[in-house]
Amino acid sequence: MSGLQPPRGTHDLIGETMRRHHHVVETARRVLRTYGFEEWSTPIFEDTRVFSRTLGETSDVVSKEMYTFEDRGGESITLRPEGTAAICRALVTNGLTQSLPQKVFYHGPMFRYERPQKGRYRQFHQIGAELIGAESPLRDAETIAMAQDILRELGLGDHVTLELNTLGDLASRQAWREALVAYFRDHADALSEESRVRLEANPLRILDSKSEQDRKLLDDAPAFADYLNDESRQFWDGLRSSLQAFGVDFVENPRIVRGLDYYSHTAFEFVTSKLGAQGTVLAGGRYEGLVEQMGGPAIPAIGWAGGIERLAMLLDSVPELPAGIALVPMGDEAVLKAASIVRALRSAGLRAEIETRGNMKKRMERVVKSGASHAIVLGDEEIAKNIVQLRDLSSREQQEVPVADLARVLSAGRA
């Protein structure tokens, strides 16, 4: 058993890695709540149809990456590859389609079978938000501004750029799709093998190709702007003016298409150059038919998700553990007294531990090495007086403190 390792594409969250992860989640949670978003949690696995119907049978996620299996009851089950479809399923399942808008955020593990690379895993973690019942481009802009606020609170504002595109409505996309298919068919011999498959199934994904031979064709491909109808143009104009009103800078990128079939109108990515070629750290868009596919009414929504591992890697500083307080009892009776004292300190919200190993010198060496802020020394004489010796390990000052006042004195020193 000594050679066992985590499965390929997974990793343990321990020590500094876990502190970074937790800091991302807690920072996002704090900002999301200021926007009125409430936290939801859905199962890690779902009926396979939740994803296969909504993400698109031809998407890479469904065709190549989903962890799907048959359970003991013969049902097809899939480990969730993303969070949006599950949130929309929960909305319908719990009868909330008439209680709009619903402002929801979530975080947790997702699963995709893909090639592991920097910041990308087969079990990875996302934090995401969905505004279900987004009636206007103003709501799209506000949701994007919220994502930017989170990135700024994480100290990443100077390291990311917002790239923005419109996917228009269904009629605009259909007209553009037909023009793209005609163009790429005329140049089919110059396409990569993967894009030739996409040409028949999902030609918009060719625009997202990383193949150099495909990218050479994109400059002369039909531009989506030429196929936007009046309604789609108005939405696109409204989105950009609303972002400006919120003070959000952006760069237009007509090649952002998103990898899932349910997006419409707004598509965006926050990208960075600090993670190499795979630079997207948070992305999302507007979707208008997903709730309907789950059995609910047609409800427009806007959402995004960010990779927690990637965001954590970008943090300049690592959140430190709060300095602790060490109780150093001398003698059996002092150990028992220390148990009651440490319980009171923890009840007051202070981090406290009892150090009992070795002689007094060894104990104090370990206490200092641990980074504790204070040491509390307790022996027979202190027990008799119902006091402790409180030593500040940074100033080296020591004072006698009544046991009843200890929590107050320590809390006041940290205020």
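Here are some short exercises on this structure, each with a worked solution.

The model is predicted, so it helps to know that local features need pLDDT of at least 70, that side-chain atom pairs count only at pLDDT 80 or more, and that totals for chains, interfaces and linings use all residues. Residues are numbered from 1 along each chain as its sequence is written, and side-chain values use heavy atoms, with hydrogens and water left out.

**Exercise 1. Strand E12**

Work out whether strand E12 is enclosed or open, and find its partners.

*Step 1.* Start with the terms. Strands (E, at least two residues) and helices (H or I, at least four) are DSSP runs, numbered from the N terminus. A residue is buried under 20% relative accessible area, exposed over 50%, and partly exposed in between (1.4 Å probe, protein chains only).

*Step 2.* Now look at residues 325-329, which form E12: 5 of the 5 are buried, so the strand is largely enclosed by the rest of the structure.

*Step 3.* Check the two faces. In a regular strand the side chains alternate between the two faces of the sheet. Here Ile 325, Leu 327 and Pro 329 point one way, while Ala 326 and Val 328 point the other way.

*Step 4.* Find the partners, remembering that two strands pair if DSSP finds at least two bridges between them. E12 pairs in the parallel sense with strand E13 (residues 352-354) over 3 bridges, and Ile 325 stands opposite Ala 352 in E13. Between these two strands the chain passes through helix H12 (residues 332-347), making a right-handed β-α-β crossover; right-handed means that, with the strands pointing away from the viewer, the path from the first strand over the helix to the second runs clockwise.

*Step 5.* Add strand E14 (residues 374-378), which pairs with E12 in the parallel sense over 5 bridges. In this pairing, Pro 329 faces Leu 378.

**Exercise 2. The sheet of 8 strands**

Trace the order of the open sheet and describe some of its pairings.

*Step 1.* The order is E1-E5-E6-E11-E10-E9-E7-E8, and the pairing is mixed. Strand E1 (38-39) and strand E8 (251-252) are the edges, each pairing on one side only.

*Step 2.* Take E5 (residues 102-111) and E6 (residues 123-132): they run antiparallel and are joined by 10 bridges. Pro 109 has His 125 in E6 as its bridge partner.

*Step 3.* Move on to E7 (residues 161-166), where 5 of 6 residues are buried. E7 runs antiparallel to E9 (residues 263-271), with 6 bridges between them, and Asn 165 is matched with Ala 267 in E9. E7 also pairs with E8 in the parallel sense, over 2 bridges; there, Glu 163 has Val 251 as its bridge partner.

**Exercise 3. Salt bridges**

Pick out some of the salt bridges and say how exposed their residues are.

*Step 1.* A salt bridge is a side-chain nitrogen of Lys or Arg within 4 Å of a carboxyl oxygen of Asp or Glu. The structure holds 18 of them.

*Step 2.* In one of these, the closest N and O atoms of Glu 153 and Arg 30 are 3.5 Å apart. Glu 153 lies in helix H5 and Arg 30 in helix H1 (residues 16-34), so this pair ties together parts that are 123 residues apart in sequence. Glu 153 is partly exposed at 47% relative accessibility, and Arg 30 is partly exposed at 47%.

*Step 3.* Next comes Arg 357 with Glu 355, at 3.6 Å from N to O. Arg 357 is exposed at 53%, whereas Glu 355 is buried at 12%.

*Step 4.* Finish with a network of salt bridges that links Glu 26, Arg 29 and Glu 39.

**Exercise 4. Helix H4**

Which residues of H4 are buried?

*Step 1.* Helix H4 (residues 84-93) is mostly covered, with 8 of its 10 residues buried.

*Step 2.* The buried residues are Thr 84, Ala 85, Ala 86, Ile 87, Cys 88, Arg 89, Ala 90 and Leu 91.

*Step 3.* Look just past the helix: Gly 95 takes a positive phi of about 65 degrees.
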